[in-house]
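Visitor: I have a structure open in front of me and would like to go through it with you, question by question. Could you take me from single residues up to the way the chains fit together?

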Number of protein chains: 2
Amino acid sequence: MNKYMRMAINEARKGIRNGDGGPFGAVIVKDGKVIAKAHNQVIKNSDATCHGEMMAIHKASKKLHSFDLSGCEIYTTGEPCPMCLSALLWANISKIYYGCNVLDTENIGFRDAKFYELSKAEHRNELVVELDRKACLKLYEEYRKIKDKTPY
Amino acid sequence: MNKYMRMAINEARKGIRNGDGGPFGAVIVKDGKVIAKAHNQVIKNSDATCHGEMMAIHKASKKLHSFDLSGCEIYTTGEPCPMCLSALLWANISKIYYGCNVLDTENIGFRDAKFYELSKAEHRNELVVELDRKACLKLYEEYRKIKDKTPY
């Protein structure tokens, strides 16, 4: 099997044996070099955002001193949830290799598949409400006018 | 205007004037009490995941010592991107009030709208690849058998 996926599985196994969170490990690789290894720490950190991929992005960003992880690939034991997928897109990760798919992940009790459904605009009206758009547009306008911004 | 949205705007303004990141501030409220205020720090922290809502979740989770933010509402200057929306769902936030919508956010140079498109399964085949599913299913099975797990 793939050696980076094996590392991701080992990371995940360490995590579940410690009770840190779900069975999700992730390894970020650039030019054949491991940049970051991490696993899910939702329970350990008491923070719902601490998925394996997110922890790996944090570590890789710190190591490379950049929010831009272009040229990096990630190996992750479970197909990324919408949070992690979008985080990987924001970070410009170029390829995502996953082991189990979202339905496999649903089968062990996680809500990823449901959240993919909810992410579609037409299903989320009850949860998400627009408010004070005009005042916020003024803020956006102030931002737009700032020169020499760093795009991301 | 809504007082919590005003706080979110003020947070965002502080952030853009510091050069911390985009014009995105967020306030988490529970039973009328402000639990966390935060703003985008992607540039400041060199980390693509540091959106306003994510930073607010980190702070609220720390304050409440829990990954479960049930009963909390969030006020955010921009409609959450798929990463933040899903993070808010994982955290069980019960209501999301946003100012500008994703198209407004696209108009000031951000990729949220594009990422909503890419989050739909049928568009992401080139980026996301299955690998070593069987080995990962064994890991999932080990997790399934652990007794007294904390669900999240």
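Visitor: Which residue follows α4(B), and near what value is its phi?

Guide: Please keep in mind that this is a predicted model. The residue that follows α4(B) has a positive phi. That residue is B:N92, and its phi is near 60°.

Visitor: How many of the residues of α4(B) are buried?

Guide: A residue counts as buried if 20 or more other C-beta atoms lie within 10 Å of its own. In α4(B) this holds for residues including B:P82, B:M83, B:L88 and B:W90. The helix is therefore largely enclosed by the rest of the structure, the count of buried residues being nine of the nine.

Visitor: What covers the buried residues of α4(B)?

Guide: The cover includes elements of chain B, namely α3, β3, β4 and α6. It also includes elements of the partner chain, and these are α4 (82-90) and α6 (112-118) of chain A.

Visitor: What unit do β3(B), α4(B) and β4(B) make?

Guide: Strand β3 (residues 72-78) of chain B pairs with β4(B) in the parallel sense over five bridges, and within that pairing B:I74 has B:I96 as its bridge partner. Taken together with α4(B), the two strands β3(B) and β4(B) make a right-handed β-α-β unit.

Visitor: Why is β4(B) described as largely enclosed by the rest of the structure?

Guide: Strand β4(B) has a partner in its own chain, β3(B), and it is also joined by three bridges to strand β5 (residues 128-130) of chain A, in a parallel run. The description itself rests on burial, because the buried residues of β4(B) number five of the six.

Visitor: Which residues of β4(B) stand opposite A:V129 and A:E130?

Guide: Both answers belong to the place where β5 of chain A and β4(B) run parallel. The bridge partner of A:V129 is B:Y97, and the residue opposite A:E130 is B:Y98.

Visitor: What is the order of the strands in the open sheet of five strands?

Guide: Strand β4 (residues 95-100) of chain A pairs with β5(B) in the parallel sense over three bridges, with A:I96 opposite B:V128. The pairing in the sheet is mixed, and the order is β2(A)-β1(A)-β3(A)-β4(A)-β5(B). Its edge strands, each pairing on one side only, are β2 (33-39) of chain A and β5 of chain B.

Visitor: At about what angle to β2(A) does helix α3 of chain A run?

Guide: Helix α3 (residues 52-64) of chain A lies across three strands of chain A, which are β1 (25-30), β2 and β3 (72-78). Relative to β2(A), the helix runs at about 140°.

Visitor: Is B:H51 buried or exposed?

Guide: B:H51 lies in the loop between α2 and α3 of chain B. Leaving aside neighbours within four places in sequence, B:H51 is in contact with B:F24, B:N40, B:C81, B:M83 and B:C84. With 30 other C-beta atoms within 10 Å, B:H51 is buried.

Visitor: What axis relates chain B to chain A?

Guide: Chain B can be laid on chain A with an RMSD of 0.0 Å, using a turn of 180° and a shift of 0.0 Å along the axis. That relation is the one given by a two-fold axis.

Visitor: In chain B, which residue has the C-alpha nearest the axis?

Guide: The residue in question is one of the buried residues of α4(B). Its C-alpha is 1.8 Å from the axis, and the residue is B:M83.

Visitor: Which element supplies the largest share of the side of chain B that touches chain A?

Guide: In this interface 66 residues of chain B are in contact with 66 residues of chain A. Elements supplying at least two residues each to the side of chain B include α1 (3-18), α3 (52-64) and α7 (133-145). The largest share, nine residues, comes from α7(B).

Visitor: How many residues on that side of chain B are nonpolar?

Guide: The copies meet through the same surface, because 100% of the interface residues of chain B are also interface residues in chain A. On the side of chain B that touches chain A, 15 residues are polar and nine are charged, while the nonpolar residues number 42.

Terms used:
Residues numbered from 1 in each chain as written. Chains lettered and ligands numbered in written order. Predicted model: local features only at pLDDT ≥ 70, side-chain atom pairs only at ≥ 80, totals over all residues. Contact = placed C-beta atoms within 7 Å. Helix = DSSP H or I, 4+ residues; strand = E, 2+ residues; numbered from the N terminus. Nonpolar A, V, L, I, M, F, W, Y, C, P; charged D, E, K, R; others polar. Pairing = 2+ DSSP bridges. Axes fitted to C-alpha atoms, helices over the stretch in contact; angles between N-to-C directions. Least-squares fit on C-alpha atoms with pLDDT ≥ 70 in both. Buried ≥ 20, exposed ≤ 12 C-beta atoms within 10 Å, placed from the backbone. Right-handed = clockwise from strand over helix to strand, strands pointing away.
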